[in-house]
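Colleague: I've just opened this model and would like a guided tour. Take me through it in whatever order suits you.

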Amino acid sequence: MENNQMLLTNTCNFANVRPIMAALPYPPIRVQEKNQAYANLLSIDYCGSVSELSAITQYINNENRLSYKNCSMAGTILGIAMAEMMHLQKLGELIFLLGGTVDFTAKYRNIKPRMWTPEYLTIPEQAEKMLTADIEAEKAAINQYTMHMGMIRDGCVNAVLARIIKDEEYHIMLLQALNKELKGGEYRTAELAE
């Protein structure tokens, strides 16, 4: 390498980042009986436009773009993405137990199944707009989970969905704190995430 070339390096260290979740246990992953209609509803939560797969992809994209500017914020976003990965895994197990398939296709009622696409993502350039998009996506997920719980008559499945909602509510609180921090507020994200 010539002397006039400069190497660019990301100095963030995410070795200690863990999933950021509510401090509550998850119920066992089980179902009362196989039910394809319930599996289809969960496939929407798994990989529909409002889904865990969309959340993971959007968060990882945001973390990648933020890590060169704000390691603390990027680390929090990565921890949230890790929690969403755990949600995806739990939904996949439930879908399988209900007799469904995990194939990245959302199976909507009375509509042709749709394969997941990155077109579902909102990827603005500015950090504040990223956080706003993430907050809106979390709220949409909570609304969708709540609606699906009203359609599912399996207490085992609904217990898992209710627990996932607790994480999503916690994520909204953290994202709002990050947004205030960006605007010069007094909240420190690292303290909230511990």
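Colleague: Let's start with Ser67: buried or exposed?
Modeller: Keep in mind that this is a predicted model, where local features need pLDDT of at least 70 and side-chain atom pairs count only at pLDDT 80 or more, while totals for chains, interfaces and linings use all residues. Residues are numbered from 1 along each chain as its sequence is written, and side-chain values use heavy atoms, with hydrogens and water left out. The cut-offs go by relative accessible area: buried is under 20%, exposed is over 50% and partly exposed is in between (1.4 Å probe, protein chains only). Ser67 comes in at 4% relative accessibility, so it counts as buried.

Colleague: And which residues is Ser67 in contact with, leaving aside its neighbours within four places in sequence?
Modeller: Ser67 belongs to the loop between H2 and H3, with helices (H or I, at least four residues) and strands (E, at least two) taken as DSSP runs numbered from the N terminus. Using contact for heavy atoms within 4.5 Å, the partners of Ser67 are Asn10, Cys12, Phe14 and Ala74.

Colleague: Cys12 shows up there. Which residue is it joined to by a disulfide?
Modeller: The structure holds 1 disulfide, a disulfide being a pair of cysteine sulfur atoms within 2.5 Å. Beyond four places in sequence, Cys12 touches Ser67 and Cys71. At S to S 1.9 Å, the disulfide partner of Cys12 is Cys71.

Colleague: How many residues apart are Cys12 and Cys71?
Modeller: The disulfide joins Cys12 to Cys71, and it links distant parts of the chain. Cys12 sits in the segment before helix H1 (36–47) and Cys71 in helix H3 (residues 71–97), which puts them apart by 59 residues.

Colleague: What is the handedness of that disulfide, and why?
Modeller: Go by the torsion about the S-S bond of Cys12 and Cys71. That torsion is about -90°, so the disulfide is left-handed.

Colleague: Cys71: buried or exposed, or in between?
Modeller: Its partner Cys12 is buried, with a relative accessible area of 14%. Cys71 has a relative accessible area of 31%, so its class is partly exposed.

Colleague: What about Cys47: buried or exposed?
Modeller: Cys156, another cysteine, is buried with a relative accessible area of 18%. Cys47 has a relative accessible area of 1%, so Cys47 is buried.

Colleague: Zooming out, in what order do the elements run from the N terminus on?
Modeller: The protein's secondary structure comes to 6 helices and 2 strands. From the N terminus on, the order is α-α-α-β-β-α-α-α.

Colleague: What share of the contacts with a separation of 6 or more is between residues 24 or more positions apart?
Modeller: For scale, the C-alpha atoms fill a box of roughly 65 × 35 × 25 Å along the principal axes, and buried residues make up 45% of the 194 residues. Of the contacts in question, residues 24 or more positions apart account for 77%.

Colleague: On to helix packing. Roughly how are H3 and H5 oriented, parallel or antiparallel?
Modeller: The axes of H3 and helix H5 (residues 155–182) come within 11 Å and cross at roughly 165°; axes are lines fitted to C-alpha atoms over the stretch in contact, with angles from 0 to 180 degrees between N-to-C directions. Under 35 degrees counts as roughly parallel, over 145 as roughly antiparallel, 65 to 115 as roughly perpendicular and the rest as oblique. That makes H3, relative to H5, roughly antiparallel.

Colleague: How do the residues of the contact of H3 with H5 divide?
Modeller: The H3 side includes Ile77, Ile80 and Leu91, and the H5 side includes Leu161, Ile164 and Leu178. Here Ala, Val, Leu, Ile, Met, Phe, Trp, Tyr, Cys and Pro count as nonpolar, Asp, Glu, Lys and Arg as charged, and the others, Gly among them, as polar. The split is 14 nonpolar, 3 polar and 3 charged.

Colleague: And how do the residues of the contact of H2 with H4 divide?
Modeller: Helix H2 (residues 52–66) and helix H4 (residues 127–151) pack at about 165°, with axes 11 Å apart. Among the residues that meet are Tyr59 and Arg65 in H2, and Met130 and Tyr145 in H4. The contact divides into 7 nonpolar, 2 polar and 4 charged.

Colleague: Last one: what is the phi of Asn110?
Modeller: Most residues other than glycine have a negative phi. Phe104, in the loop between H3 and strand S1 (105–106), has a positive phi of about 60°. Asn110, in the loop between S1 and strand S2 (114–115), is exposed with a relative accessible area of 75%. Its phi is also positive, near 65°.
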